[in-house]
Amino acid sequence: MSLHSSIFRSMEFLSYNFRARGLHQIHSPFLFELYQNVILQNSAYYSYSKIENLRIQLLASKEMIEIEDFGTGAMTNREKKISVASIANHHIKSSKYGQVLFRLINYFKSENILELGTSLGITTLYLATPNPKSKVVTLEGSNNTSKIAEENFRILQVNNIEIKKGEFSITLPNAINEFTQLDFVFFDGNHLKKPTFDYFNQCLSKHHEKSIFVFDDIYHSPEMKSAWNEIKNHPSVTLSLDLFSLGIIFFRKELRKQTIILRY
């Protein structure tokens, strides 16, 4: 991360901490239940330890791989060599956020799940393990990271994941066409404004009133913050939740349109 991006995120984090609400500042029954029993819930589910043990192994890996980066804009269409340990350390969601994704899917019984950005598959496993009968399609631009992800799925014997390799401009339309509807989408493959907004609009074609869309790193950069602002103001979106590292949107018509910044 550049110095400019680091300073931007630090300033945004200060603002987030100042504005974030706690549990007893929430008045909506829907949101109070969601915040207390899903977002803040800290019980250890059955699959957490298996996934985190796998993360530990990746963090200790000495393997170096070539990856293609299509997502951040800094290394577009160029190959670079990087350690698996570095990817595990810097480029996949922490257990805290992986587990809140798990709890959201578990609570809302999401069955048709799409992920943009597989990386090493740790977050994908959090998406796939709440319900072994769910369908999870995940997209990854780098062939070598996707191979490691596939091996990780095999190790944990998780069989409800399909990985599509290649640029999202090609794989996303094909993935969307595999679903009759999208219950849950996790956007973690690009942190540029236009692609993020384009992917959002494409996924809207299969959303329904109870769909949940989650966006990673909404304060990654001014550009990503701008994308988040446009998405949460979209006419189809009602409730938007800002957890700083994640942005969560709902389309439920019974909810009043608003953005709530939650302390997490």
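## Close-up views of a predicted model

**View 1. A salt bridge within helix H7 of the predicted model.** Arg154 and Glu151 lie 3 residues apart in helix H7, which spans residues 143-155, and are therefore separated by about one helical turn. Their side chains form a salt bridge in which the closest N and O atoms are 2.5 Å apart. Arg154 is exposed, its relative accessible area being 52%, whereas Glu151, with a relative accessible area of 35%, is partly exposed.

**View 2. A salt bridge between Lys135 and Glu178.** The closest N and O atoms of Lys135 and Glu178 are 3.6 Å apart. The pair links distant parts of the chain, since Lys135 belongs to strand S4 (residues 135-140) while Glu178 lies in the loop between helix H8 (168-177) and S6, 43 residues apart. Lys135 counts as partly exposed, at 29% relative accessibility, and Glu178 likewise counts as partly exposed, at 30%.

**View 3. The salt-bridge network that includes Glu162 and Lys164.** Glu162 and Lys164 meet through their side chains in a salt bridge with an N to O distance of 3.0 Å. Glu162 is partly exposed, with a relative accessible area of 31%, but Lys164 is buried, because its relative accessible area of 16% falls under the 20% cut-off. Together with Lys135 and Glu178, these two residues are linked in a network of salt bridges. In the protein as a whole, the count of salt bridges comes to 12.

**View 4. Asp188, a buried acidic residue without a salt bridge.** Asp188 is found in the loop that runs between strand S6 (184-187) and helix H9 (193-204). The nearest side chain of opposite charge is that of Lys93, 6.2 Å away, and this distance is not within the 4 Å required for a salt bridge. When residues up to four places away in sequence are not counted, Asp188 touches Leu116, Gly117 and Asp216.

**View 5. Surroundings of the buried residue Ser211.** Ser211 sits in the loop between H9 and strand S7 (212-216), and with a relative accessible area of 0% it is buried. A polar atom of the Ser211 side chain lies 2.6 Å from the backbone oxygen of Leu182, and the side chain of Ser211 also reaches the backbone nitrogen of His208, at 2.8 Å. Leaving aside neighbours within four places in sequence, Ser211 is in contact with Leu182, Asp183, Ile249, Phe250 and Phe251. The C-alpha atoms of Ser211 and Phe108 are separated by 9.2 Å, although these residues are 103 residues apart along the chain.

**View 6. The buried side of helix H2.** Helix H2 comprises residues 29-39, and its buried residues are Leu31, Leu34, Tyr35, Val38 and Ile39. They cover an arc of only 115 degrees around the axis, so they are on the same side of H2. These buried residues pack against helix H5 (95-108) and against strands S8 (239-242), S9 (246-250) and S10 (258-261).

**View 7. The whole protein, for orientation among the close-ups, with 10 helices and 10 strands.** The C-alpha atoms fill a box of roughly 50 × 45 × 35 Å, taken along the principal axes. The radius of gyration is 18 Å, which agrees with the value near 18 Å that a compact globule of 264 residues would have. Buried residues make up 55% of the 264 residues. Of the contacts between residues at least 6 apart in sequence, 70% join residues at least 24 apart.

Key:
Residues are numbered from 1 along each chain as its sequence is written. This is a predicted model: local features need pLDDT of at least 70, side-chain atom pairs count only at pLDDT 80 or more; totals for chains, interfaces and linings use all residues. Side-chain values use heavy atoms; hydrogens and water are left out. Helices (H or I, at least four residues) and strands (E, at least two) are DSSP runs, numbered from the N terminus. Buried means under 20% relative accessible area, exposed over 50%, partly exposed in between (1.4 Å probe, protein chains only). Lys and Arg count as positive and Asp and Glu as negative; His and the chain ends are not counted. Contact means heavy atoms within 4.5 Å. A polar contact is a pair of N or O atoms within 3.5 Å; within protein, one must be able to donate a hydrogen and the other to accept it, and residues adjacent in sequence count only if both atoms are side-chain atoms. The arc is that of the directions from the helix axis to the C-beta atoms. The radius of gyration is taken over C-alpha atoms; the globule rule is 2.2 Å times the number of residues to the power 0.38.
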